[in-house]
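Colleague: I'm new to this one. Could you walk me through it and tell me how you know what you say?

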Amino acid sequence: MELDHAAVEKEVCKEMTEEIIVSMLKILVFPGALFLFALAFFYEWVDRKFFARVQNRYGPLHTGLHGILQPIADFFKLLSKEDITPHSSDKLMFFLTPIFYFALPLTTLFVIPILGQTSLIAFEGDLIFVIFAFTLIIITVFLAGWSSMNRFGTIGSMRAVLQMLSYEIPMGLVTTGPAIAASSLSISEIVKWQSPPNFWLILLQPLGFAVFTICLLAELQLVPFDIPEAETEIVAGWRTEFTGRKLALLRLGRDLELVLASALITSLYLGGSQQFWLIPPIVIFLVKTTFAVMLLSLLRAVFARFRIDQMLSGMWKYLLPLAALQIILIQLGLGG
Amino acid sequence: MSYGSTIKVPLGPQHPALKEPGNFLFEVDGETVVDVKPRIGYNHRGVEKAFELRTYIQNIYLAERICGICSDAHTTCYTQAIEELLGVEAPPRARYIRVIIAELERIQSHALWVGIAAHEIGFDTLFMYVWRDRETVLDLFEMISGNRIHYAMNTIGGVRRDIHAAMVPKIKKGLDFLEKRLKYYLDVVQTEQTILKRAAGVGVLKPKDAVDLCALGPTLRASGINNDVRADDPYAAYDEVPFNVITHDGCDVSSRMLVRCEEMLESIKAIGYALDHMPEGVIRVRVPMKVPKGEVVSRVEAPRGELIHYAKSNGTTKPERYKVRSPTLGNIPALCKMLLGGYVADIPIVLAGIDPCFSCMDRMAFVDVKKNKGWNWTMQQLRRKYAKK
């Protein structure tokens, strides 16, 4: 009896260890952190290359095949550079904000289904978590610019917050569209709902898709909404004082945010990570997110930068009513 | 928005608009500019003193290096001045070649500016496109003179290189391509909504202010005032080559864009005419090394506006005094007027709107406003005053 007990315990232990190792691997390697880093660097390359080709330039060319390793090279180069903390800055905040800025999108990406139709961490209400994380990112941006005590940093962070006040509400409003359609606040459920016999939500709610994409441009601070870091006006805006390792983390954080944005577009409007015929879902996911990244970089290539007051009034005057209109249409039975 | 108290925001001295140094101290109330104090002189190189130390032939190359973008305007102005002192005139063919080079330079300079302006308002795609097409002009320059920027075409008494018959079709082909592209850009700056939002009604300079503050060149013409040295006081072959002086009465950055874009199209027409009607003959006359005693003022319409050179000769091989007044300096008071009352976010585009060229501009003179006198210092005096500290 005692022997049996020990054997069972051993068995349970073994199973538990295996389970822990597997989930650890999932979180740390695939489709977790390591995979997401690779994806972040890859999408930065896609963005830079596509943006350059639209502008009739070559873009990254020499590091790796067609410069595909350039973002990684940039990252390691920055890691080796001198790390300067300004004398008058808030030292603790200045040290912590790059870590937050990098960790927030990474954490948020775990609730997006990548491998199949269920994400690594799925719970009812993770959509709200994602929206919340977006707000936290901007608050981190604000703290980063504010703590650096640089006048350009301060102006940049103020602009970032002003910008957030304008696009946050249309974005929050419009993301309820997919949630209403799937009657769930979980991104995994929304993705599942979009598989046949139902359609991709971009077909049912094109207006919502457009509003969401514009809001993401503002969230990612891309042209025409790169107001917080307008280089001809305020140097690098809120990032002016960051150097070396901190800048490397900020850049990786930005890339992860790009992955998060494209993954959200994919999951909410493009059907997410579905199996299609014999092609595995991960490939479908990658194709769709690459398309989303290219859409974002195309949009940032064809506009000039708005002024902050023009952006604020434009968002409140046009985008918010459009978002509301989309929700009204859904309630009337169209697009849901 | 007003917060009751103002804060001071410096812009520059590192590259406020183009990649050249200049400093502007803004007094800002909320988002509105209430006062501007320009501070110039970061790029003073002692060019005028250097003129006095070199012979007239060496000075051609020095004049060329006053500015990279409008190098031909400076040499044209210089050689014109010295030719007048010598009492010689460039042969007709040389005068036509000067027109062709000057107009090509105007195209490349304005194209450069359109790119910069697009960059200032965050429209990098237009910036890249315009600069790609600007390469056409630079390639033409390379074909004609062997250089892309410092063409070294002018010399006292004519030009150094001829434009051969074989080059003419190539130039025309390049210009045809440019004309198509420029018409497209003209359409873009008139219709693209994000550009209009940033440029229309921004940096307003009323016609009266423009005249009172001595604005020059495209900045003045964009305020609706018809003023162009090429038409008012023709030099080279401008009395024979037909062209229109472009004016717009929008008085804002948007009309400055339009003026420059349309001027490029005008230049293309003028070059086409000059190529077709170029007289045969020599391209230069020989001149003596020593220049007779005298004083002269020479004027040229550089891409940025009216350029003035003054020379005083004492009968030797070197000038006794030389003075350069570049268009950017003339535009600085008008610029300060444009910036007042504007938004902080509009500062870069307004600043770039006059197409500033600080390396052209910076000269050194001391002025005591209270005692109302001005004077110059020698290098030794400067050293004595500041080097020890």
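**Domains and chain contacts**

Modeller: Sure. This is a predicted model. In chain A, the C-alpha centres of domain 1 and domain 2 lie 38 Å apart.

Colleague: What makes these two stretches of chain A domain 1 and domain 2?

Modeller: The domain assignment of chain A gives domain 1 as 1–30 and domain 2 as 31–331. Such bounds come from an automatic or database assignment, so that is where the split comes from.

Colleague: How do you know which residues count in the contact between domain 1 and domain 2 of chain A?

Modeller: Two residues are in contact if their C-beta atoms lie within 7 Å. On that basis, five residues come from domain 1 and six residues from domain 2 of chain A. The domain 1 side has four nonpolar residues, one charged and no polar.

Colleague: And what does the contact between chain A and chain B take from each chain?

Modeller: Chain B gives 17 residues and chain A gives 19 residues. On the chain B side, H4 (92–120), H5 (124–145) and H7 (193–199) each supply at least two residues. H5(B) gives the most, with five residues. By class, that side of chain B has eight nonpolar, four polar and five charged residues.

Colleague: Why are some residues of chain B called buried?

Modeller: A residue with 20 or more other C-beta atoms within 10 Å of its own is called buried. In chain B, 48% of the 389 residues are therefore buried.

Colleague: Which secondary structure does chain B have?

Modeller: Chain B comes to 15 helices and ten strands.

Methods. Residues numbered from 1 in each chain as written. Chains lettered and ligands numbered in written order. Predicted model: local features only at pLDDT ≥ 70, side-chain atom pairs only at ≥ 80, totals over all residues. Helix = DSSP H or I, 4+ residues; strand = E, 2+ residues; numbered from the N terminus. Nonpolar A, V, L, I, M, F, W, Y, C, P; charged D, E, K, R; others polar. Buried ≥ 20, exposed ≤ 12 C-beta atoms within 10 Å, placed from the backbone.
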